[in-house]
Amino acid sequence: MLPAHKKIQQPNAASKKVMVSFVVRDEHEPKHRAGINSLQYDAAMDRLFSAGRDSIIRTWNCKKLNDPYIQSLEHHTDWVNDIVLCCGGKNLISASSDTTVKVWNAHKGFCMSTLRTHKDYVRALAYARDQERVASAGLDKAIFLWDINTLTALTASNNTVTTSSLVGSKNSIYSLAMNPSGTIVVGGSTEKVLRVWDPRSCQKLMKLIGHSDNVKSLLVNRDGTSCLSGSSDGTIKMWSLGQQQCILTIREHKEGVWALAANENFDFVISSGRDHRIYITNLKTINTKLVTEVQNPVLKICPNPNFSGIWVATDESTINYYDLNEDSDTMELTDGDCNNETIVPPKMTIEGAPAIKKYHILNDKRHILTQDSQGNVCLYDVLQIKKLEDYGQIDFDEMVKEKFKLTYVPNWFNVDLKTGFLTIHLGQEETDCLCAWVNGKEIGLTTPPDQKVNYGSVLLGALLKHWRYTVMEDEKEEISKEGNSSNPPSLSNGVIQVPQHTPVIFTEVGNRTLYRVAVHDCGGPTETHILNETVPEWVREVLILKKTSKFIKISFYLLPLTEVSTKTPKRERLVANDFVQVQKIIEHVSEKLTGAECANTACPSTASNSEKTNTSLPETQTLLLDLIDILCNDQVLDPNMELRTVRYHIWKSSSDLTLHYRVNKNV
């Protein structure tokens, strides 16, 4: 299957910072991991589609709720905010916070094309069934109209389309509605108004004023004469589009109304939102009935075609179905029904999985402790991109204390929990992913034991090991200087293996996704071509030219502990790589005390990775470590401790590190 992404061609693309991200997850994720923003029900197939904040759209078999999962639709990289079924259920359109709109084959579950017209989060979609048109809108204040027949004819290699119509808004758009003939109603975020547009002329017809907060949900009746709006101000309003005024206000909800559902004739409306309560209101008699109260704020309501029941999505990962107990087309609500406090349990449930809500990066900057929404604590390995331990429901803070280790490694990645998974970002402006150098033994190297490896470089090589990259002309010159022009270096590091299903995401800093691809797909011809265009220059330098950041240096003073400051002594300022261990300082002191030449102010044995080997016998080393102590702030340092750990955990100052040494004469 060909990928549905293409590189964004922009004149200033080269000037934008591109980061590389990956998601730590299982190969198969049959359950949502976070809240669900939208639902669509296919009555012909008896299937439910759900749009997750975990970036995944899932399809469920409503006839087989003991095992409802059918498939996952995966190409988005951020929240899926809205979905609509079109073409009689054959196709699905989705809108996401990754700024894209995608077109899917709903039955086979693959992405047909990706539309990149929006410049910010796409929050809402609306569908005009009679015209087969879809409108999309979001935080970029733009509304785009798409012809469905054109969209479904697009392919992954030709997915550029010009919108048939374009209208603008003065505000970020949170809600959108169209009737079957195409009348558009828009809910803005700051003016708290509704705007109505004519899709033929793309002109604003009217502005409806009445809400005192954001309009979060909109419905238009079939003939386009009336509109229902739900707002964060806690009210539902019915508007006459002909009279251009509000004709009814419903005030049952105590907090924001985020979800509405109604039949096409507007005989009744089902509503819910932040107050967890689901009401049904007869719009003819203005009587309201409390259906039930759920545990979380409701984000979406999706009724059956005959309104005999409703599917309910919340900010948690589980989807519930509630039976309305009677045919809503003929229901008669009586006064007092709104006081019904009965909590009706769901008739059916599609279970979700817990989302990661909290994390703590351990001091080794490789392992992460997490806690999910059910209180389960787990340990993850960033370098191997997998879960190591599942500790169950234990005290998170106590486990953080238990896992504490007196060490320090520079921050080389950022963590994001927005989708409910661990997402790791490399190459953000505030974090240098190539700054963390460690001993090779930390990643399993046995020979040579003191070889230094770079966490970021090793991980990038593992993520893109299958990429059959094209060497550019300027890169050929660089490689030629090293004598490797006929045999470019391999991207495979041969040291670590990462799960081949891991999604790798290239994103412009600012959240505009360029490309998403699984590790095992990076070697495909189409993927290779797109990667050659998308992989940022800094990654090419690391993987192809084998360039990495220079070692971080630490300057420090080394003084005898017994020195009396009757006059200011000459202080020798030394410089060493930040990962040098205290035992190297002890060796330096030994050489100095035995009269070895030390004219160079750089600390011996630290000029490069491992160019100096220790020829001393193990028993001589042990004696030397017992003979000489190195102290910082009056604390004797462990010989295996690194200088960066000393400075961060013991010295705790931005000034030059000061160390003292003493000789134990009793040894």
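This briefing walks through some features of the structure above, from annotated repeats to a sheet, a buried helix and a few ring contacts. The model is predicted, so please read every value as computed from that model. UniProt, in an unreviewed entry, marks WD repeats along the chain, and an open sheet of 5 strands is found as well.

**Annotated repeats**
- The UniProt record places the feature "repeat: WD" at residues 29–61, 73–114, 115–156, 166–207 and 208–249.
- Take residues 29–61 as an example: this span is 58% strand and 0% helix, and its end C-alpha atoms lie 16 Å apart.

**The open sheet and its helices**
- Reading across the sheet of 5 strands, the order is S41-S40-S44-S42-S43, and the pairing is mixed.
- Which strands form the edges? They are strand S41 (573–577) and strand S43 (635–636), each of which pairs on one side only.
- Strand S42 (residues 628–632) pairs with S43 in the antiparallel sense, over 2 bridges.
- If you look along that pairing, you will find Cys-632 opposite Gln-635 in S43.
- Helix H7 (residues 582–593) lies across S40, S41, S42 and S44, and runs at about 120 degrees to S42.
- Helix H9 (residues 643–651) lies across S40, S41, S42, S43 and S44, running at about 105 degrees to S44.

**A buried helix**
- Is helix H3 (residues 455–463) largely enclosed or open? Because 9 of its 9 residues are buried, H3 is largely enclosed by the rest of the structure.
- Among the buried residues of H3 are Tyr-455, Val-458, Leu-459, Leu-460 and Leu-463.
- The cover over these buried residues includes strands S1 (18–24), S35 (422–426), S36 (437–439), S37 (452–454) and S38 (503–508), together with helix H6 (537–543).

**Rings and charges**
- The structure holds 10 aromatic pairs.
- One of them joins Phe-144 and Trp-146: their ring centres are 6.0 Å apart and their planes meet at 40 degrees, so this pair counts as tilted.
- Phe-144 and Trp-146 are both buried.
- Trp-412, Phe-413 and Tyr-455 are linked by ring pairs into a cluster, and Tyr-455 is also one of the buried residues of H3.
- Two charged residues sit over rings: Arg-123 lies over the face of Tyr-174, 4.8 Å from the ring centre, while the charged end of Lys-418 is over the ring of Trp-79, 5.4 Å from its centre.

How values were computed:
Residues numbered from 1 in each chain as written. Predicted model: local features only at pLDDT ≥ 70, side-chain atom pairs only at ≥ 80, totals over all residues. Heavy atoms only, no water. UniProt positions renumbered as here; feature names shortened; annotations may be inferred. Helix = DSSP H or I, 4+ residues; strand = E, 2+ residues; numbered from the N terminus. Pairing = 2+ DSSP bridges. Contact = heavy atoms within 4.5 Å. Axes fitted to C-alpha atoms, helices over the stretch in contact; angles between N-to-C directions. Phe/Tyr/Trp six-rings, centres within 6.5 Å; stacked < 30°, edge-to-face > 60°. Buried < 20%, exposed > 50% of the residue type's maximum accessible area, 1.4 Å probe, protein only. Lys NZ or Arg CZ within 6 Å of the ring centre and 35° of its normal.
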